[in-house]
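I open this notebook to record what I looked up, beginning with the fold as a whole and then turning to helix packing and salt bridges.

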Amino acid sequence: MIRSIVSTAVAGLAGFTATKAVLRSRLRTHESVVRTNHAGHDVSLAEGPAVTAGLLAGSLLIEDPRQRTATLLATAAAGGLGAVDDFCESGSSKGLRGHLSALARGEITTGTLKITGIPLASIAAAAILRSRTRPTGIFGISHKDDRPWYAAAADVIVTGGVIAGSANLFNLLDLRPGRALKVGALTLAFTDHERRVSWAPSGAVAGVTAAAWPDDLAGDAMLGDTGANALGAAIGVILAETATPAQRRLILAALAGLTLASEKVSFTSVIESTPGLREIDSFGREDV
């Protein structure tokens with residue numbers, strides 16, 4: 001178990017480092033990867049593709065074939081569609097409501113592609129996770145899924161919702177340096193790791209987080225849609241695999257509630273006005 005954690009963490013860190021080095025050497029200060037953050041400073045979006053590459057590199061070493069395939073699919077789709085939105089953005093619509101309104105008008109934006117493509121890929125990943133057998137017990141021993149077809153189908157949709165909802169939530173959190181990385185680390189810290197299927201993918205997330213941490217906290221780089229969506233999707237797969245069906249329904253309800261709340265409430269305002277959350281959010285962050 002320790003070896004699998006270390007190997008995925010090292011692969012994630014190496015994939016991140018190599019990709020970021022290539023992007024920096026070729027693009028440097030190219031306008032396509034430079035954005036202005038909340039404080040008016042220029043930051044690089046190169047971190048996002050590097051995070052996605054690191055997560056994919058680490059996920060290649062996940063031993064369970066269903067979880068490996070599902071993680072690669074969800075992470076690649078979320079990161080790829082996030083990159084389309086980051087680097088090929090079209091339309092002025094923002095937020096879930098804005099993109100849905102644009103779609104109702106017949107306008108296909110890059111954001112619309114993302115909010116339709118990520119859920120579809122997440123449901124496909126969920127179908128892979130829930131196919132044929134379902135793991136149970138401390139050692140992840142599998143047995144035949146003897147539930148009625150409609151119950152199994154509903155669980156696939158809920159599982160896909162958890163993955164897609166997690167990808168979207170992390171994108172909503174990427175509004176201040178280090179925030180999304182901290183939430184990811186805390187989520188994994190409080191995840192029930194009784195079953196071994198969670199350790200290897202968590203190692204990949206940990207390796208990428210460690211690699212991205214310095215520049216992200218310093219405000220020199222940001223995840224963008226590419227990195228935030230990919231990170232959220234990878235963590236969503238972990239949550240989906242470690243949770244029971246009832247827990248997945250609760251997680252999905254919480255994710256849906258937070259997504260809807262984000263249309264009306266500023267997460268930053270809530271965090272900055274809440275003792276405890278404010279200190280965690282600002283920890284290690286420079287004045288950027």
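**Entry 1: overall make-up**

I counted the secondary-structure elements to begin with, and the protein has 12 helices and 4 strands. I keep in mind that this is a predicted model. Of the 288 residues in the protein, 47% are buried. I then looked at contacts with a separation of 6 or more, and found that residues 24 or more positions apart account for 77% of them.

**Entry 2: α2 against α9**

I looked up how helix α2 (residues 47–59) packs with helix α9 (residues 224–242), and noted an angle of about 25° with the axes 7 Å apart. Since angles under 35 degrees count as roughly parallel, α2 and α9 are therefore roughly parallel to each other. The crossing in which α2 passes α9 is left-handed. On the α2 side I listed Gly-48, Pro-49, Val-51, Thr-52 and Leu-55, which meet Thr-226, Gly-227, Ala-230, Leu-231 and Ala-234 in α9. Sorted by class, the residues of this contact between α2 and α9 are 6 nonpolar and 4 polar, with no charged ones.

**Entry 3: α7 against α9**

I repeated the lookup for helix α7 (residues 179–189), which packs with α9 at an angle of about 10°, the axes being 11 Å apart. Here too the angle leads to a plain reading, and α7 and α9 are therefore roughly parallel to each other. The residues I noted in α7 are Ala-180, Leu-181, Gly-184, Thr-187 and Leu-188, and they meet Leu-231, Ile-235, Ile-238 and Leu-239 in α9. The contact of α7 with α9 divides into 7 nonpolar and 2 polar residues, and no charged residue takes part.

**Entry 4: Ala-230**

I next asked myself whether Ala-230 is buried or exposed. Ala-230, which lies in helix α9, has a relative accessible area of 0% and is therefore buried. Setting aside neighbours within four places in sequence, I found Ala-230 in contact with Thr-52, Leu-55, Thr-75, Ala-78, Gly-79 and Asp-225. I also checked Ala-230 against Ser-166, which is 64 residues away in sequence, and the C-alpha to C-alpha distance came to 9.6 Å.

**Entry 5: salt bridges**

How many salt bridges does the structure hold? I found 9 salt bridges, and I followed Asp-155 through two of its pairings. With Arg-130, Asp-155 forms a salt bridge whose closest N and O atoms are 3.9 Å apart. This pair links distant parts of the chain, because Asp-155 is in helix α6 (residues 149–173) and Arg-130 is in the loop between α5 (110–129) and β3 (133–136), 25 residues apart. Asp-155 and Arg-130 are both buried.

With Arg-248, Asp-155 forms a salt bridge in which the closest N and O atoms are 2.9 Å apart. Asp-155 lies in helix α6 and Arg-248 in helix α10 (residues 245–262), so this pair ties together parts that are 93 residues apart in sequence. Asp-155 and Arg-248 are likewise both buried. I then traced the connections further, and a network of salt bridges links Arg-130, Asp-155, Glu-241 and Arg-248.

As a last lookup I took Asp-281 and Arg-285, whose side chains meet in a salt bridge at 3.1 Å, N to O. The relative accessible area of Asp-281 is 7%, and since buried means under 20%, Asp-281 is buried.

Technical notes. Residues numbered from 1 in each chain as written. Predicted model: local features only at pLDDT ≥ 70, side-chain atom pairs only at ≥ 80, totals over all residues. Heavy atoms only, no water. Axes fitted to C-alpha atoms, helices over the stretch in contact; angles between N-to-C directions. Helix = DSSP H or I, 4+ residues; strand = E, 2+ residues; numbered from the N terminus. Parallel < 35°, antiparallel > 145°, perpendicular 65-115°, else oblique. Left-handed = near helix turned anticlockwise from the far one by under 90°. Contact = heavy atoms within 4.5 Å. Nonpolar A, V, L, I, M, F, W, Y, C, P; charged D, E, K, R; others polar. Buried < 20%, exposed > 50% of the residue type's maximum accessible area, 1.4 Å probe, protein only. Salt bridge = Lys/Arg side-chain N within 4 Å of Asp/Glu carboxyl O.
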